Amino acid sequence: MQKKQKAEQAVERIMAEGPSFTDPLGMWTGKPADEEELPVQDADDL
């Protein structure tokens, strides 16, 4: 398998995961627990 294909599959697996219990606001993962909510970033996250 090519390196690019492996990377794409890894990204797809990560994106398919649900929200993180340790990141309920989605600050780091970009996936908040409430699917209707947008991810929140603080100034220290930038």
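How far apart are the end C-alpha atoms of H1, and what should its 14 residues span at 1.5 Å a residue? In this predicted model, the two values agree: the expected span is 20 Å, and the end C-alpha atoms are 20 Å apart. Helix H1 covers residues 3–16.

Next comes the matter of cover. H1 is hardly covered, and the count of buried residues among its 14 residues is zero. Val11 is found in this helix and gives a handy example. Its relative accessible area is 47%, so Val11 counts as partly exposed; that label applies between the 20% limit for buried and the 50% limit for exposed. Val11 also belongs to a nonpolar patch on the surface, where its partners are Ile14 and Met15. Put together, the three residues have about 300 Å² of accessible area.

Now for the segment after H1. Thr29 is found there, and with a relative accessibility of 43%, Thr29 counts as partly exposed. Thr29 can be related back to Met15, one of the residues of the nonpolar patch. Along the chain, Thr29 and Met15 are 14 residues apart, while their C-alpha atoms are separated by 9.3 Å.

The segment after helix H1 also holds Asp34. Because its relative accessibility is 38%, Asp34 counts as partly exposed too. Asp34 joins Glu35, Glu36 and Glu37 in forming a negative surface patch. So what kinds of surface patch turn up here? One is nonpolar, formed by Val11, Ile14 and Met15, and another is negative, with Asp34 among its residues.

Methods: Residues numbered from 1 in each chain as written. Predicted model: local features only at pLDDT ≥ 70, side-chain atom pairs only at ≥ 80, totals over all residues. Heavy atoms only, no water. Patch = residues over 30% accessible without salt bridge, like charges linked within 9 Å, V, L, I, M, F, W, Y side chains within 5 Å. Areas by Shrake-Rupley, 256 points an atom, 1.4 Å probe, with all protein chains shown as cover. Salt bridge = Lys/Arg side-chain N within 4 Å of Asp/Glu carboxyl O. Lys, Arg positive; Asp, Glu negative; His and termini not counted. Charge placed at Lys NZ, Arg CZ, Asp CG, Glu CD. Helix = DSSP H or I, 4+ residues; strand = E, 2+ residues; numbered from the N terminus. Buried < 20%, exposed > 50% of the residue type's maximum accessible area, 1.4 Å probe, protein only. Expected span 1.5 Å × (residues − 1).
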